[in-house]
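The following paragraphs offer a guided reading of one molecular structure. The sequence and the structure are shown first, and the explanation follows them.

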Amino acid sequence: ENFRDKLLKLRNYELYRLRKYFFTSAISVSMYSSTPLLVSLATFAAYTMGGHTLDVAEALTALALFDILRFPLFMLPQIINRIVEAGISFERVREFLLCEEYKSVGEGALKEDGEVWMKN
């Protein structure tokens, strides 16, 4: 394989991973946005399935409490996502810092007119 083929192969793999990341991120955002609504619906359903009667006073009180909890419920999954992204970033930085040093270019590698020659 020549250098261009290797580069294209790596770039295609990177694009595949980016597509996968953005697709997963879109699903996560959709789920995060619907979390407060799903929590309130699940709570009301569990309350009524338990044999209780849901009257207006209890429903409005619960909705007020869910409104207070909306921001924390919305932010919790995003915070978990950011923690995972930070862990990935730290791993990349660690791999970079622990990789072997590159050998310096020796004398005579550059021509006087600015051309660069590479040996395979």
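A salt bridge is defined here as a side-chain nitrogen of Lys or Arg lying within 4 Å of a carboxyl oxygen of Asp or Glu. Glu85 and Arg82 form such a pair, with their closest N and O atoms 3.8 Å apart.

Some conventions apply throughout. The model is predicted, so local features need pLDDT of at least 70 and side-chain atom pairs count only at pLDDT 80 or more, while totals for chains, interfaces and linings use all residues. Residues are numbered from 1 along each chain as its sequence is written, and side-chain values use heavy atoms, with hydrogens and water left out.

The overall architecture comes next. The protein chain contains 2 helices and 0 strands; helices (H or I, at least four residues) and strands (E, at least two) are DSSP runs, numbered from the N terminus. Of its 120 residues, 8% count as buried, where buried means under 20% relative accessible area, exposed means over 50%, and partly exposed lies in between (1.4 Å probe, protein chains only). The chain exposes about 11200 Å², of which carbon and sulfur atoms supply 65%. Accessible areas come from the Shrake-Rupley method with a 1.4 Å probe, and for residues only the protein chains shown count as cover.

Helix α1 covers residues 3-49. The expected span of a helix is 1.5 Å times one less than its number of residues. For the 47 residues of α1 this gives 69 Å, and the end C-alpha atoms are 65 Å apart, which agrees. The helix nevertheless bends by about 45° at Thr35, and the proline Pro36 follows within four residues. The bend at a residue is the angle between axes fitted to the seven residues ending there and the seven starting there. After α1 comes Gly51, whose phi is positive, near 95°.

Helix α2 runs over residues 56-98 and has 43 residues. From its first C-alpha to its last it reaches 62 Å, close to the expected 63 Å. A kink of about 45° lies at Leu69, shortly before the proline Pro72.

How do the helices relate to each other? In α1, the buried residues are Ser28, Tyr32, Pro36, Ser40 and Phe44, and these pack against α2. In α2, Ala59, Ala62, Phe66, Pro77 and Asn81 are buried, and what covers the buried residues of this helix includes α1. Contact here means heavy atoms within 4.5 Å. Ser33 and Phe74 are 41 residues apart along the chain, yet their C-alpha atoms are separated by 6.5 Å. Ser33 belongs to helix α1 and is partly exposed, with a relative accessible area of 45%.

The surface also carries a nonpolar patch of about 360 Å², made by Leu76, Ile80, Val84 and Ile88. Patches consist of residues with over 30% relative accessible area and no salt bridge; like charges are joined within 9 Å, and nonpolar side chains (Val, Leu, Ile, Met, Phe, Trp, Tyr) within 5 Å. One of the patch residues, Val84, lies in helix α2 and is partly exposed at a relative accessible area of 46%.

Charged pairs complete the picture. A search of the whole structure finds 4 salt bridges, including the one between Glu85 and Arg82. Those two residues stand 3 residues apart in helix α2, and so are separated by about one helical turn. Another salt bridge joins Glu91 and Arg94, whose closest N and O atoms are 2.7 Å apart. Glu91 and Arg94 are likewise 3 residues apart in helix α2, about one helical turn. Glu91 is partly exposed at 32% relative accessibility, and Arg94 is partly exposed at 42%.

In helix α1, the side chains of Arg11 and Glu14 meet in a salt bridge of 3.0 Å, N to O. Arg11 and Glu14 are 3 residues apart in that helix, about one turn. Arg11 has a relative accessible area of 39% and therefore counts as partly exposed, and Glu14 is partly exposed at 41%.
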